[in-house]
Number of protein chains: 2
Amino acid sequence: MDPVNERRSDCPISLSLEVFGDRWTLLVIRDLMFKNRRQFRDFLRAEEGIASNVLADRLRRLTDAGIVTKTQHLTDARRSIYRLTQKGVELAPILIEIVLWAARHERTAAPAEELAQLRDDRAHVIASIRNAHVGEPETPT
Amino acid sequence: MDPVNERRSDCPISLSLEVFGDRWTLLVIRDLMFKNRRQFRDFLRAEEGIASNVLADRLRRLTDAGIVTKTQHLTDARRSIYRLTQKGVELAPILIEIVLWAARHERTAAPAEELAQLRDDRAHVIASIRNAHVGEPETPT
DNA sequence: CAGGATCCGTTTCGATACTG
DNA sequence: CAGTATCGAAACGGATCCTG
């Protein structure tokens, strides 16, 4: 057998199941990362139809895990703004690989142009995600 | 705002939630990919303690999805051998990114040496995974 | 009105025991 | 050894209520 596999064969690999073992958690991260959603109601409008109690729970877990931050809207005190932390932004390579895999193997609605950008200009995509979250103290809309 | 984000803002991104929304599914794939597990009992011995009915269900779903194949052991008819298909092998980049992210952000038990290999010699790692699954009709042990 | 919390019927999950 | 049957526990979805 290949020595690479040999050596790896009993490796205790961590998969961060808190994040990846849950359907809704992943969808929230996707919405933050690729759809620029920032407020509670934005996530509620996700195509997949998340319930408000489930959403609140996942946002709390993500902030507890240091993946998301919650701040107040500057002018409207009612609104909360959710953003990815640096740790959260660094999930981008994973999400990108998932999207590319899904595009290759399942029929997906993602336009070919955007997929090509994810594949060929990964660094730029990630930089712009970071810019929209970590580097942006201002509030959208 | 960055035009990259602008354009991506309403993209219907598919995440293959059948695979990634579930904790046990991901663990089974990890065991196939990094721990060379092939038989039902091997997966049962996972540190995380999967139940037999859950394991049977997840293996069935994965074979239905074309990610795993199930064949009979050549000499012992009772035994089933599970392997990744090409589609399954192509999940490797995702798993690798997850492991690397977890190693950076959570305390993980994975040895530094193996992590470095995952990071720096990705092509070789993936090739050896493919070799151990798609290219190997023989049965282990 | 936005962001949640609470209650509750229903579905899904998973631990254990059991079978071919 | 490789699964299935059973059944209690947990999660989910949906409605509604609450609070600033």
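Biologist: How much volume does the largest cavity have?

Modeller: In this predicted model, the volume of the largest cavity is about 70 Å³.

Biologist: And which residues line the largest cavity?

Modeller: The lining consists of A:Glu18, A:Val19, A:Thr25, A:Arg61, A:Leu62, A:Ala65 and A:Ile67. By class, these are 4 nonpolar, 1 polar and 2 charged residues.

Biologist: Which helices of chain A each supply at least two residues of that lining?

Modeller: Helix H2 (17–20) and H5 of chain A each do so.

Biologist: How many cavities of 30 Å³ or more are there?

Modeller: The count is 4. The second largest cavity holds about 50 Å³ of space.

Biologist: What lines the second largest cavity?

Modeller: Its lining is formed by A:Trp24, A:Leu27, A:Val28, A:Asp31, A:Phe43, A:Ala46, A:Ile50 and A:Leu55. Helix H3 (residues 23–34) of chain A gives the largest share, with 4 residues.

Biologist: How does the lining of the second largest cavity divide by class?

Modeller: There are 7 nonpolar residues, no polar ones and 1 charged residue.

Biologist: Let us turn to the DNA. How many residues surround DNA strand C, and which are the closest?

Modeller: DNA strand C is surrounded by 19 residues, the closest being A:Arg60, A:Lys70, A:Tyr82, B:Trp24 and B:Asn53. Of the atoms of DNA strand C that come within 4 Å of the protein, 61% belong to sugar and phosphate.

Biologist: Which side chains have polar atoms close to a phosphate oxygen there?

Modeller: A:Arg60 has a side-chain N or O atom 2.9 Å from a phosphate oxygen of DNA strand C. For A:Lys70, a polar side-chain atom lies 2.5 Å from a phosphate oxygen of that strand.

Biologist: Which residue has a polar side-chain atom 3.5 Å from a base nitrogen of DNA strand C?

Modeller: That residue is B:Ser52.

Biologist: Which element gives the most to the surface near DNA strand C?

Modeller: H5(B) does, with 5 residues. The elements that each supply at least two residues of this surface are helix H4 (40–44), helix H5 (52–64) and strand S2 (80–84) of chain A, together with helix H5 (52–64) of chain B.

Biologist: What is the division by class near DNA strand C?

Modeller: The surface has 6 nonpolar, 7 polar and 6 charged residues.

Biologist: Now the other strand. Which residues are the closest to DNA strand D?

Modeller: Among the 18 residues that surround DNA strand D, the closest are A:Asn53, A:Arg58, B:Ser52, B:Lys70 and B:Tyr82. Sugar and phosphate make up 56% of the atoms of DNA strand D that come within 4 Å of the protein.

Biologist: What lies close to the phosphate oxygens of DNA strand D?

Modeller: An N or O atom in the side chain of A:Arg58 is 2.8 Å from a phosphate oxygen of DNA strand D. The side chain of B:Gln39 has an N or O atom 3.3 Å from a phosphate oxygen of this strand. With B:Arg41 it is a backbone N or O atom that lies 3.0 Å from a phosphate oxygen of DNA strand D.

Biologist: Which elements give two or more residues to the surface near DNA strand D?

Modeller: They are H5 of chain A, and helix H4 (40–44), H5 and strand S2 (80–84) of chain B.

Biologist: And how many residues of each class are there?

Modeller: The surface near DNA strand D has 8 charged, 6 polar and 4 nonpolar residues.

Conventions:
Residues numbered from 1 in each chain as written. Chains lettered and ligands numbered in written order. Predicted model: local features only at pLDDT ≥ 70, side-chain atom pairs only at ≥ 80, totals over all residues. Heavy atoms only, no water. Near = heavy atom within 4 Å. Polar contact = N/O pair within 3.5 Å; in protein donor to acceptor, adjacent residues only side chain to side chain. Nonpolar A, V, L, I, M, F, W, Y, C, P; charged D, E, K, R; others polar. 1 Å grid on protein atoms, 1.4 Å probe; cavity = no way out; pocket = protein on both sides within 12 Å on 5 of 7 lines; lining within 4 Å. Points joined across faces, edges and corners; volume = space filled by probe spheres on them.
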